[in-house]
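I am opening a notebook on a structure I have not looked at before. My plan is to look things up one at a time and write down what I find.

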Amino acid sequence: MILGGGPAGAAAAITLARAGARPLVLERQRETGDAICGGFLSWRSLAALGRLGVEVAGAEAREVRLFSGTRSTRAPLPEPALGVSRRQLDSAMLRQAEAAGAMVERGVHVREADGRHIRADNEAFWAERLLLATGKHDLRGLARPKLAADPAVGLRVRLGPATALSKLIEGAIELHLFDRGYAGLVLQEDGTGNLCLAVRKSRLNEAGGPAALLQEIGREVPALGERLAWLAADAPIDAIAAVPYGWRTAETSGGIYRLGDQAGVIPSLAGEGMGIALASGVMAGEGAIRGETAQAFQRRLAGRTRRPIAIASAVLAAAERPGSAAALVKLMRLAPGLASLLARVTRVSH
Ligand SMILES: Cc1cc2nc3c(=O)[nH]c(=O)nc-3n(C[C@H](O)[C@H](O)[C@H](O)COP(=O)(O)OP(=O)(O)OC[C@H]3O[C@@H](n4cnc5c(N)ncnc54)[C@H](O)[C@@H]3O)c2cc1C
């Protein structure tokens, strides 16, 4: 049984169903929504999706642009990536899971777990193998620890669509660094710009909320301010609280496989959270089929995510402080190969 039909849960469902199992996915959303996510799919994630038989269309990104204050630089990505909405990705993955033979029950909100006994609103289940893929949302009984004194908050707004905006940002993933946070911007398939922020709670509180923060950082990073001109006054701002960046576990209890963000959370500026989700789903599915224990799987996954999460955490720590963020931009300008190297070493191996 798989809890959650995001990239991790869906990848596991496809893998298990293709091997002849009939996994059941419980997904709380009745309609596939647009999860808070930058939508940057790396070349490695795209290859993983290809192996799963999942096709997506989006806006190609071939370079990374880095901004801090009035400084900026650009560098090529090792290989082309894609900006894709989560609505498109999650829909395509769940369709593929069902086509392969998985059962997907939508609108089932699992409320808590007691080991492998789980309780949804009107039902209770026991699972021989429980694949926990609830992602950004913790499940009572299996929640991740709360670590940071000043946790990161994820925010997302859409810019445009507008031809002038597309011209400005097409072909790139942009990272705008500001005091205690960053904003990532990439075009997606419908021509809108997906602007996702990870910001420390202290900064958000000081600003007086998300709308005021956007105004502040638009002044702090003028290039970002220019792009925020395409933010409609009534555009919704989606938020997710307390993202435990850097957390990773090699431990689990009997029969419980922790996948995706429930196994480890890579700082999102690396654009590899979905890569880890896909890799973990495939690894768990393949492992379960050959009788690998949940504990052995968890250690294997933690081994693969150690380096990308450690390096991305170090980059985030530098990017969140104005002094070191400016130094990062300067360094990347002097050595554009560094960005490409960082982009490579923050990928998870599949
Ligand atoms: C601000 C921000 C920007 C990001 N940008 C990027 C990026 O550009 N590229 C990238 O690769 N990664 C990015 N990430 C990370 C990425 O979003 C996650 O790593 C990835 O979504 C994890 O996939 P998942 O399947 O583990 O979980 P999720 O994508 O969170 O999916 C979990 C699923 O489980 C369902 N669910 C949750 N709770 C329950 C429940 N109790 N019962 C039933 N169903 C439930 C949810 O509805 C959802 O469908 C970003 C993250 C943040 C916070």
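## Ligand contacts

I started at the ligand, where one of its oxygen atoms lies 3.5 Å from a polar backbone atom of Gly271. I note here that the model is predicted. Met274 also offers a polar backbone atom, 2.9 Å from an oxygen atom of the ligand. For Glu27 I looked at the side chain: an N or O atom there is 2.6 Å from a ligand oxygen.

How many residues surround the ligand? I found 33, and the closest are Glu27, Gly38, Arg86, Val110 and Asp261.

## The loop between E16 and H8

Next I looked up Glu272, in the loop between strand E16 (256–258) and H8. Is Glu272 buried or exposed? It is buried, because its relative accessible area is 0% and the cut-off for buried is under 20%. I then listed its contacts, leaving out neighbours within four places in sequence. Glu272 is in contact with Ser42, Ser45, Ile266, Thr346, Arg347 and Val348.

Leu269 sits in the loop between E16 and H8 too. I read a relative accessibility of 13% for Leu269, so this residue counts as buried. Tyr182 is 87 residues away from Leu269 along the chain, yet their C-alpha atoms are separated by 7.7 Å. Beyond four places in sequence, Leu269 is in contact with Leu175, Tyr182, Ala312, Val315, Leu316 and Ala319.

## Helices H2 and H11

I moved on to helix H2, residues 43–51. Its buried residues are Trp43, Ser45, Ala48 and Leu49. What do they pack against? I found strand E3 (40–41), strand E5 (71–83), helix H3 (86–100), helix H8 (273–289) and helix H11 (336–345). Ser45 had already come up, as a contact of Glu272. After H2 comes Gly53, with a positive phi near 80°.

I then checked H11 from its own side. Ala339, Ser340, Ala343 and Val345 are the buried residues of H11. Their cover includes H2, strand E4 (59–68), E5, helix H9 (294–319) and helix H10 (322–334).

I also looked up Lys330, which lies in H10. Lys330 counts as partly exposed, because its relative accessibility is 45%. I compared its position with that of Glu27. The two are 303 residues apart along the chain, and 45 Å separates their C-alpha atoms.

## Arg203 and Arg180

Where is Arg203 found? It is in helix H5, residues 201–207. I had to check whether this charged residue is buried or exposed. Arg203 is buried, since its relative accessible area is 4%. Its contacts beyond four places in sequence are Phe178, Asp179, Arg180, Leu213, Glu216, Ile217 and Glu220.

Arg180 deserved its own entry. It lies in the loop between strand E12 (171–178) and strand E13 (181–187). Its phi is positive, about 65°, although Arg180 is not a glycine.

## Leu231 and a cis bond

I found Leu231 in the loop between helix H7 (222–228) and strand E15 (238–243). With a relative accessible area of 25%, Leu231 is partly exposed. Leaving out residues up to four places away, Leu231 touches Val157, Arg158, Leu159 and Leu214. Leu231 and Val157 are 74 residues apart in sequence, and their C-alpha atoms are 7.8 Å apart in space.

I looked for a cis bond as well. The peptide bond from Gly160 to Pro161 is cis, with omega near 10°. Pro161 belongs to the loop between strand E11 (152–159) and helix H4 (163–169).

## The cavity

My last search was for cavities. There is one of 30 Å³ or more. The largest has a volume of about 40 Å³. Which residues line it? I listed Lys136, Arg144, Ile240, Ala241, Ala242, Val243, Pro244, Asp261 and Val265. By class, that lining has six nonpolar, three charged and no polar residues. Asp261 also appears among the closest residues to the ligand.

I followed up on Ala242, which lies in strand E15. Its phi is near 45°, a positive value in a residue other than glycine. Ala242 counts as partly exposed, because its relative accessibility is 34%.

How values were computed
Residues numbered from 1 in each chain as written. Predicted model: local features only at pLDDT ≥ 70, side-chain atom pairs only at ≥ 80, totals over all residues. Heavy atoms only, no water. 1 Å grid on protein atoms, 1.4 Å probe; cavity = no way out; pocket = protein on both sides within 12 Å on 5 of 7 lines; lining within 4 Å. Points joined across faces, edges and corners; volume = space filled by probe spheres on them. Buried < 20%, exposed > 50% of the residue type's maximum accessible area, 1.4 Å probe, protein only. Helix = DSSP H or I, 4+ residues; strand = E, 2+ residues; numbered from the N terminus. Contact = heavy atoms within 4.5 Å. Near = heavy atom within 4 Å. Polar contact = N/O pair within 3.5 Å; in protein donor to acceptor, adjacent residues only side chain to side chain.
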